[in-house]
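Here are a few exercises to work through with the model open beside you. Try each task before reading its solution.

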Amino acid sequence: MNLMKLIIGKPLGFCFGVKRAIDELERALDRYGEVYALGSPIHNEEEVKRLISMGLKLIEGVEELPENAVVFIRAHGTTPETFDMVCKKGCIVIDGTCPSVKNAQEKARLLSKEGYNVVVVGDPNHPEVRSIKGHALGEVSVVTSPEDVEGFPVKDKIGVVSQTTQEEGMLLSIVSALVPKARELRVYNTICKATLHRQETVRKLASETEGVIVIGGHNSTNTAKLVEVAKKAGCDVLWIAKPDEIDEDWLKNKSIIGIAAGASTPDWLINDVINLLSCR
Ligand code: SF4
């Protein structure tokens with residue numbers, strides 16, 4: 001008999017940006033049969049396997065791209081230079097860049113055009129941050145914590161944008177640390193609403209349950225942030241990418257479990273986890 005109660009967080013699964021991108025990619029695969037993606041189109045290995053079975057080809061750089069191929073730009077976007085190189089190869093471009101990422105790219109460009117020293121709050125190795133950075137003109141600093149800005153010299157103008165999946169508390173701490181570093185500080189909070197809603201959901205689940213299972217790829221930043229939010233809320237958290245990562249020891253003695261999922265986790269994978277837990 002299953003005595004465990006599951007509380008399913010809402011919203012759950014694909015955010016509008018990922019859904020929009022994957023819908024466009026599926027339509028392109030139906031139409032052209034073969035589509036090249038520059039880097040993984042979504043940070044979820046299980047979903048990528050499904051797309052590969054439909055004809056998706058993963059490549060790392062434009063040099064691997066055949067002339068006149070069909071190319072998919074993922075929700076994280078890309079730099080203007082890469083976009084130009086793809087177009088020069090005569091490729092058909094399916095642009096899946098999320099509108100929220102485009103907003104962050106445009107704000108970075110605007111700030112740099114208006115003479116601000118641009119600071120991007122986010123992971124310097126993340127493709128979205130590279131795409132935002134690529135849209136700014138001139139030098140850009142990417143920072144991950146308040147400590148990163150300690151050594152900054154005082155500037156006339158500093159302009160801040162954020163990776164869309166950043167944790168809001170971290171953006172606030174970094175902005176506070178930047179206050180003494182600029183005579184004029186302009187901040188665009190470009191954290192997307194989908195991210196904020198999912199973080200709120202996890203905080204609520206943390207207060208209502210004995211533990212939260214967060215479902216999402218281990219390479220997914222937005223999922224990592226949900227795990228961080230749950231831990232900050234003092235919650236016992238289990239991060240799994242797929243059902244067979246459920247840890248029986250972790251479940252032991254828990255009677256109320258919360259379920260959350262990253263914005264790049266497909267519904268079918270979430271349902272597999274919920275079904276498995278419900279059948280115990
Ligand atoms: Fe767009 Fe936000 Fe989803 Fe990223 S997490 S794809 S920015 S809606």
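**The shell around the ligand**

The residues of the shell around the ligand divide into 7 nonpolar, 5 polar and no charged. Keep in mind that this is a predicted model.

**Exercise 1.** Find which residues surround the ligand, and sort them by class.

*Solution.* Start with the names: Cys-15, Phe-16, Gly-17, Val-18, Cys-98, Ser-100, Val-101, Thr-164, Thr-165, Cys-192, Ala-194 and Thr-195 surround the ligand. Next, sort them. Gly counts as polar, and Cys counts as nonpolar. The shell then comes out as 7 nonpolar and 5 polar residues, with no charged ones.

**Exercise 2.** Which helices each supply at least two residues of the shell, and which gives the most?

*Solution.* Check the helix ranges against the shell. Helix H1 (16-32), helix H4 (99-113) and helix H7 (193-208) each supply at least two residues. H1 gives the most, with 3 residues. Finally, place the ligand: it sits in the largest cavity.

**Exercise 3.** Trace the chain from strand E2 to strand E3 and give the handedness of the crossover.

*Solution.* First look at the pairing: E2 (residues 35-38) and E3 (residues 56-59) run parallel, with 4 bridges between them. Within this pair, Ala-37 has Leu-58 in E3 as its bridge partner. Now follow the chain from E2 through helix H2 (residues 45-53) to E3; this β-α-β crossover is right-handed.

**Exercise 4.** Which elements make a β-α-β unit with strand E10?

*Solution.* Begin with the strands: E10 (residues 211-215) is joined to E11 (residues 237-240) by 4 bridges, in parallel. Val-214 stands opposite Trp-239 in E11. Add helix H8 (residues 221-232), and E10, H8 and E11 make a right-handed unit.

Conventions: Residues are numbered from 1 along each chain as its sequence is written. This is a predicted model: local features need pLDDT of at least 70, side-chain atom pairs count only at pLDDT 80 or more; totals for chains, interfaces and linings use all residues. Side-chain values use heavy atoms; hydrogens and water are left out. A residue is near a molecule or strand if one of its heavy atoms lies within 4 Å of it. On a 1 Å grid over the protein atoms alone, a cavity is a set of points where a 1.4 Å probe fits but cannot get out, and a pocket is an open set with protein on both sides within 12 Å along at least five of seven lines; lining residues have an atom within 4 Å of a point. A molecule sits in a cavity or pocket if more than half of its atoms lie within 2 Å of its grid points. Two strands pair if DSSP finds at least two bridges between them. A crossover is right-handed if, with the strands pointing away from the viewer, the path from the first strand over the helix to the second runs clockwise.
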